[in-house]
Amino acid sequence: MTALPRHMPNHEAVLNALPHAILSVDAQGRVLDANMAAEAFFDVSAPMMRRNLIKDLLPFGSPLLALIDQVRERNAPVNEYRVDLGSPRLGGERHVDIQVAPMQDQSGGVVIMLQERTIADKMDRQLTHRGAARSVTALAAMLAHEIKNPLSGIRGAAQLLEQSVEDADRELTQLICEEADRIVKLVDRMEVFSDERPVARSPVNIHVVLEHVKKLAQSGFARKIKFIEDYDPSLPPVHANKDQLVQVVLNLVKNAAEAIDGEADGEITMTTGFKPGVRLSVPGSSSRVSLPIEVCIKDSGPGVAPDLLPYLFDPFVTTKTSGTGLGLALVAKIVGDHGGIVECESQNKRTVFRILLPMYRSDSEAKRLQP
C-alpha cells in the first residue's frame, strides 16, 4: 500500500475533526465505526458501540431505523430533517438532521451522519422570546395609561361610598378596593417590560448571584428542599447587571420549588460551566458576542407538559392556578436584553432551565476582538 504523504491526515483524523456524529453500520445492523462526535452524542465510546447493534443505541421504533431500511432498499442516500432521537438515556428531545448513504464497497452497509439542531433552535426560540417580550412592552405601556388612571377613580369612589353605606354593604366596597389594588399590582409587574433603557452592566461573579439566591430560597419558600451545587470555579465573570441576574435566578429557583411542591426527596441542582461556540447578536448592536457561560437550574419535579413547552416563555402562559404567567416572560426579557439565551428541557423528574450569557471583556480586549 502506498503511504500517504506526511502532510495528509488519515481518514480517522478527518472524521474525528468533523463536528457532526458519523457512524458506519453493516448489513446486520452492527456498528462498524464511529467518530468522536458520535461518541459524545450517544455518550458511549466507539469500542462499546462496536459491540452493539445500531438499534441498541436508539429509542424503540426510532425513525432512523426506518431510514436505514429505505437506503438499503433504494441503494440511494436519504435525508430527513428535524428528527427527534431523544430517549431517557440520551436525555429529553434531541432534534437532528439525518443523512444516511449506502457504502459502495459493502453490501447493505450504510453511513449515518447526525447534525444536531440544538444551537440553531436555541437561537430561533430566543428570537421568538424577544418578540414576545416586545409585545408585552407595548401592552404594558397601554395598560399603565388606560387602566391605572381609571382604577384610581374607581377606588376613590368606593372609599367614599364606604363612609355612607350600611355595614352589610361595606364588605362590597372593600371588595372593590381590594380588586382594584390587585389589578394595579398586576399592571405594576407588567410595567417592568416597558423599561427600554440600556442595561447597566459590569463584571459579575455568577457564583455570588447563585449563592445569594440560594440563601434567599432556603430562608423562605425552599427551606425544605435539598440544594445541590456543581460549579466550575474557574469561570470568568459575566457581563451583566447583578440585580437583574438575581431576579432571573430567583424566578427560576422559585418555579423549581413550586414544581417540586413539597416532595420528600425534592432536589434543586444549580450548575455552571464554560461552553464556547455559541454566538448571538446583542440588541442595539451590530456586533455578535460569544455566550460561553452556562448556568443551569434543574429540579426533580414532574416536568412541563410537552404541548406547553414551546410557549413557556410567552406572556400569560402558566400552569399555576393563581399565576399571572409573567415570571418566565420577564426571565426571557432580561436574558434577551443581556444578549443571552434561555431555554427549557423537561421530562419527568428532570426539568432544566439553561441560560447562556456573555463573559465580561475589558474595553481594550473588546476593541481588539471586533471584526
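**Where does pLDDT stay under 50, and how many contacts beyond four places in sequence does the model have there?** The stretch is residues 282-286, and the count for it is eight contacts beyond four places in sequence. Keep in mind while looking at this view that the whole thing is a predicted model. Across the protein, pLDDT averages 79, and 75% of the residues come in at 70 or higher.

**View 2. Five strands side by side in an open sheet.** Read across the sheet and the order goes E7-E9-E12-E14-E13, with mixed pairing. Strand E7 (226-230) and E13 sit at the edges, each with a pairing partner on one side only. Going from one strand to the next, the twist averages 15 degrees. Helix H10 packs on this sheet, where it touches E13 and strand E14 (350-357). The direction of H10 makes about 140 degrees with that of E13.

**View 3. Zooming in on strands E9 and E12.** Here strand E9 (residues 267-274) runs antiparallel to strand E12 (residues 293-299), and seven bridges join the pair. For a handy landmark, pick Met270: the residue standing opposite is Ile297 in E12.

**View 4. His338, tucked into a loop.** This histidine is found between helix H10 (327-337) and strand E13 (341-347). Is His338 buried or exposed? His338 has a relative accessible area of 0%, so it counts as buried. A polar atom of the His338 side chain lies 3.0 Å from the backbone nitrogen of Asn241. Leave out the neighbours within four places in sequence, and His338 is in contact with Val199, Arg201, His239, Ala240, Asn241, Gln244, Leu357 and Pro358. Asn241 therefore turns up both in that contact list and in the 3.0 Å approach through its backbone nitrogen, with His338 itself being buried at 0%.

**View 5. Phe41 and Phe42, an aromatic pair.** Search the whole structure and you get two aromatic pairs; this view has the one made by Phe41 and Phe42. The geometry is edge-to-face, at 4.9 Å centre to centre and with 75 degrees between the planes. Both Phe41 and Phe42 are buried.

**View 6. Phe313 and Phe353, another edge-to-face pair.** Centre to centre, these rings are 6.1 Å apart, and there are 90 degrees between the planes. What does the pair tie together? Phe313 lies in the loop between E12 and H10 while Phe353 belongs to strand E14, so the two rings link parts that are 40 residues apart in sequence. Both Phe313 and Phe353 are buried.

**View 7. Asp43, a positive phi without a glycine.** Asp43 has a phi of about 55 degrees, on the positive side, although it is not a glycine. Look for Asp43 in the loop between helix H2 (36-42) and helix H3 (46-49). The relative accessible area of Asp43 is 70%, so this residue is exposed.

**View 8. Lys349, with a positive phi of its own.** Lys349 is not a glycine either, yet its phi is positive at about 70 degrees. You'll find Lys349 in the loop between E13 and E14. Which accessibility class does Lys349 fall into? With a relative accessible area of 45%, Lys349 is partly exposed.

Conventions: Residues are numbered from 1 along each chain as its sequence is written. This is a predicted model: local features need pLDDT of at least 70, side-chain atom pairs count only at pLDDT 80 or more; totals for chains, interfaces and linings use all residues. Side-chain values use heavy atoms; hydrogens and water are left out. Helices (H or I, at least four residues) and strands (E, at least two) are DSSP runs, numbered from the N terminus. Buried means under 20% relative accessible area, exposed over 50%, partly exposed in between (1.4 Å probe, protein chains only). A polar contact is a pair of N or O atoms within 3.5 Å; within protein, one must be able to donate a hydrogen and the other to accept it, and residues adjacent in sequence count only if both atoms are side-chain atoms. Contact means heavy atoms within 4.5 Å. pLDDT is the predictor's confidence in each residue, from 0 to 100. Two strands pair if DSSP finds at least two bridges between them. Axes are lines fitted to C-alpha atoms, for helices over the stretch in contact, and angles run from 0 to 180 degrees between N-to-C directions. Rings of Phe, Tyr and Trp (its six-membered ring) pair if their centres lie within 6.5 Å; planes under 30 degrees apart count as stacked, over 60 as edge-to-face and the rest as tilted.
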